[in-house]
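User: Please take a close look at one part of this model, namely its cavities and pockets, together with whatever occupies them. A single connected account would be preferred.

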Amino acid sequence: MLIDEIELYHIKMRLKAPFRTSFGEEQDRECILVAAFSEGLIGWGECVASRFPGYSYETVKTAWHTLQDFMVPAVLSAPLAGIQDYVQRVKPVRGHPMAKAGMEMALWDLYSRAAGQPLARFMGGERDRVPVGVSVGIQPSIEQMVQTVLAFRDQGYPRIKIKIMPGRDLEVARAVREAIPGVPLQVDANSAYTLESALIFKQMDDLDLLLIEQPLGEDDLVDHSKLAPQLLTPLCLDESIHSLDHARWALELGACRIINIKPGRVSGLYEASRIHDYCFEQGVPVWCGGMLETGIGRAANVALATLPGFTLPGDISASDRYYEEDVTNEAFVLNSDGTLSVPNGPGLGVTVKNSALERFTLNEEGFRVT
Ligand code: OSB
Ligand code: MG
């Protein structure tokens, strides 16, 4: 396939409510949208690097630079033989997984559209609905956390995740557990602790949590492997897993029992599905994480979560959980059974609302084959 043109859009969208984690707070979410043009078709991708390098070292600016200087030329330099060809071409670029993934998503959209298939089918997924949950940011008080969680529970979210940080952990989790007994609940520390805090996590064993997500440092598989056996609650890794090798290392070390897969964190849907396949063979449950995506990245996450090993609910909430207005014409809506429906149109199954894109765009640039 000859890709004739790539457009990059740096966009900014106001979240309905600020999203607070152990590494900071986001009110206006920024990201990069990638449009790839070929043979009259357009493929869209979303690069999930944020403005601030708290979750990952990548930022909107580093991603713009690596996309412009490396990923765009890799795609425009010669006709592409497929997704794997793209993956090979960008392999010499060390790191920068979110930038790689944003471009890759546009290519997945393009290739599955060209095949006339929904991306989910194109990737080998069979489900037409995927189970989902909601990720609730750190709130100003325990009271407000409980109220926020109850409101999401009442909206029909069947699984709740709450963010924790030092000083706002055990008591908050206990209060939420008491407010929603029996509802699947998990916590996410976003790397905020060290092994010295093991006791806090041991005390969480009484709360019947589904899992504890990324308590220790991103590069700390060793200490995770020391913490995991001290707990009854399964440990799940997010930030630590950047590739299939990391998944294998983490599982071999006993550093986790569950893996959160985010396409952006692992260089794209291709590596994400390889991690899925490996975990599926090993009987290790996986679930799809989220990065507060627009309708574009959300559609890709929904497609990924149709693979059979995604047995735990994803952080893929309905569009209206995040934004008043999305950049896509189609919105994802929570079904009464706590799922999101998989779009059945070709590719990502969503279309870009140009009027919204124009209003959200801070900067755009186009690149053509010369
Ligand atoms: O750690 O899972 C995380 C959002 C931004 C950065 C990191 C994380 C998150 C979330 C949000 O938890 C999940 C969602 O998109 O709903
Ligand atoms: Mg996480």
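Analyst: On a 1 Å grid over the protein atoms alone, a cavity is a set of points where a 1.4 Å probe fits but cannot get out, whereas a pocket is an open set with protein on both sides within 12 Å along at least five of seven lines; lining residues have an atom within 4 Å of a point. Points are joined across faces, edges and corners, and a volume is the space filled by probe spheres set on them. The model is predicted: local features need pLDDT of at least 70 and side-chain atom pairs pLDDT 80 or more, while totals for chains, interfaces and linings use all residues. Residues are numbered from 1 along each chain as written, chains are lettered from A and ligands numbered from 1 in written order, and side-chain values use heavy atoms, without hydrogens and water.

Searching the whole structure yields three cavities of 30 Å³ or more. The largest cavity has a volume of about 80 Å³, and among its 13 lining residues Val48, Met105, Pro263, Gly264 and Glu293 lie nearest its centre. Two or more lining residues come from each of α3 (97–114) and α11 (295–304), helices being DSSP runs (H or I, at least four residues) numbered from the N terminus. Helix α3 gives the largest share, four residues. By class, this lining has six nonpolar, four polar and three charged residues.

The largest pocket has a volume of about 550 Å³. It is lined by 28 residues, and Lys100, His242, Ser243, Val266 and Ser267 are the closest to its centre. Helix α3 recurs here, since α2 (83–90), α3 and α10 (269–282) each give two or more residues to this lining. The lining divides into 10 nonpolar, eight polar and 10 charged residues.

Ligand 1 takes the space of the second largest pocket, with more than half of its atoms within 2 Å of the grid points. It is surrounded by 15 residues, the closest being Ser135, Asp188, Asn190, Leu292 and Tyr322 (a heavy atom within 4 Å). This shell has five nonpolar, three polar and seven charged residues. Polar side-chain atoms of Asn190 and Asp188 lie 2.7 Å and 3.0 Å, respectively, from an oxygen atom of ligand 1. For Asp238, a side-chain N or O atom is 3.1 Å from a ligand oxygen (polar contacts are N or O pairs within 3.5 Å). The protein covers 99% of the 390 Å² of accessible area that ligand 1 has on its own (Shrake-Rupley method, 1.4 Å probe).

Definitions and conventions: Polar contact = N/O pair within 3.5 Å; in protein donor to acceptor, adjacent residues only side chain to side chain. Nonpolar A, V, L, I, M, F, W, Y, C, P; charged D, E, K, R; others polar.
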